[in-house]
Amino acid sequence: SSFTTGRALPTVADLDVFGVRVGRGGGAQANTCVGNGALESNTTGVEHTAVGLNALYWNTAASSNTAFGYEALRGQSGASTGANNTAVGHSAMRLYTTGAANTAVGRDALTAITTGSRNTAIGLNAGNTTTIGSDCVFLGQGAVASAASASNEIVIGSGATGLGSDTVRIGNSSIVSVHLDAKFVRLVDSYTVGTLPAAGTAGRIARVTDGDAGLAWGATVVN
């Protein structure tokens, strides 16, 4: 319906205000949409919020998605498997079709992903090279995966690129040092680095030497 001065507002259909749709979109109730094409194809999906041109355009039956921005979550069409996604920003998760529990905040964040679940991307272009990955975290402008299909990869830092599935990357190539304000850093897995040298002075610790991955007795432990 269109708004006309002096005319009562309709209560059973979306409203066009100066060419912008406001209402619940296609299909089911319990949805909120603002913008032309927002929730355009929806049939039975509920509990959506879509704000922006073509936001959640292709969604039909999936529920509980939130899209803010031009074509945010435009491709979402995964029926019951496409729930609990949040996309905020111009083209955030634009090509996404199937999966659940993804969060993308920032222009073009996760814009190329098509299938995958439980990903988090925050920042301009964060995670924008991922297409089918899952369980990834990208924090920072341009923080991206090592490969389009990498999974369980954490990348933190402006312009940082991941190192592969099941890895953590902190910082970009310009970072020269990382400081942890902690007494202990625990490695869950075990690694063979080198042969333990002969017993050292009491109170000292074995440390990795530069270059050859060997072990030597290092500085005195400070409690």
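What follows is a chat about a predicted model of a protein.

Visitor: Okay, basics. How many helices and strands does the protein have?
Guide: Zero helices and 13 strands. Reading along the sequence, you get the pattern β-β-β-β-β-β-β-β-β-β-β-β-β. Keep in mind that this is a predicted model.

Visitor: And what share of the residues count as buried?
Guide: The protein has 223 residues, and 35% of them count as buried.

Visitor: Let's look at the outside. Which residues make the nonpolar surface patch?
Guide: Eight names to find: Phe68, Val88, Val105, Ile122, Leu139, Ile156, Val168 and Ile170. Together they make a patch of about 600 Å².

Visitor: Pick one for me. Where does Val168 lie?
Guide: Val168 is in strand 11, which covers residues 168–170.

Visitor: Why does Val168 count as exposed?
Guide: Its relative accessibility is 51%, and exposed means over 50%. So Val168 makes the cut.

Visitor: New topic: rings. How many aromatic pairs does a search of the whole structure find?
Guide: One. The partners are Tyr57 and Trp58, with ring centres 4.8 Å apart.

Visitor: Why is that pair called edge-to-face?
Guide: Look at the angle: the planes of Tyr57 and Trp58 are at 80 degrees. Anything over 60 counts as edge-to-face, so this pair fits. In general, a pair of aromatic rings is described by the distance of the centres and the angle of the planes.

Visitor: How does Trp58 count, in terms of accessibility?
Guide: Trp58 counts as partly exposed, because its relative accessibility is 41%.

Visitor: Back to Tyr57. What sits over its ring?
Guide: The charged end of Arg74 does, 5.5 Å from the centre of the Tyr57 ring. That puts Tyr57 in two contacts here: the ring pair with Trp58 and the charge of Arg74.

Visitor: Switching again. How many disulfides are there?
Guide: The count comes to zero.

Visitor: Then what about the cysteines, say Cys33: buried or exposed?
Guide: Cys33 is buried, because its relative accessibility is 0%. Cys136 also has 0% relative accessibility, so that one counts as buried too.

Visitor: Last stop: where is Ala30 found?
Guide: In the loop between strand 2 (20–23) and strand 3 (32–34). Ala30 counts as exposed, because its relative accessibility is 55%.

Visitor: What separation is there between the C-alpha atoms of Ala30 and Ser64?
Guide: They are separated by 9.9 Å, while along the chain Ala30 and Ser64 are 34 residues apart.

Technical notes. Residues are numbered from 1 along each chain as its sequence is written. This is a predicted model: local features need pLDDT of at least 70, side-chain atom pairs count only at pLDDT 80 or more; totals for chains, interfaces and linings use all residues. Side-chain values use heavy atoms; hydrogens and water are left out. Patches are made of residues with over 30% relative accessible area and no salt bridge: like charges are joined within 9 Å, nonpolar side chains (Val, Leu, Ile, Met, Phe, Trp, Tyr) within 5 Å. Accessible areas come from the Shrake-Rupley method with a 1.4 Å probe; for residues, only the protein chains shown count as cover. A salt bridge is a side-chain nitrogen of Lys or Arg within 4 Å of a carboxyl oxygen of Asp or Glu. Helices (H or I, at least four residues) and strands (E, at least two) are DSSP runs, numbered from the N terminus. Buried means under 20% relative accessible area, exposed over 50%, partly exposed in between (1.4 Å probe, protein chains only). Rings of Phe, Tyr and Trp (its six-membered ring) pair if their centres lie within 6.5 Å; planes under 30 degrees apart count as stacked, over 60 as edge-to-face and the rest as tilted. A charge sits over a ring if NZ of Lys or CZ of Arg is within 6 Å of the ring centre and within 35 degrees of the ring normal. A disulfide is a pair of cysteine sulfur atoms within 2.5 Å.
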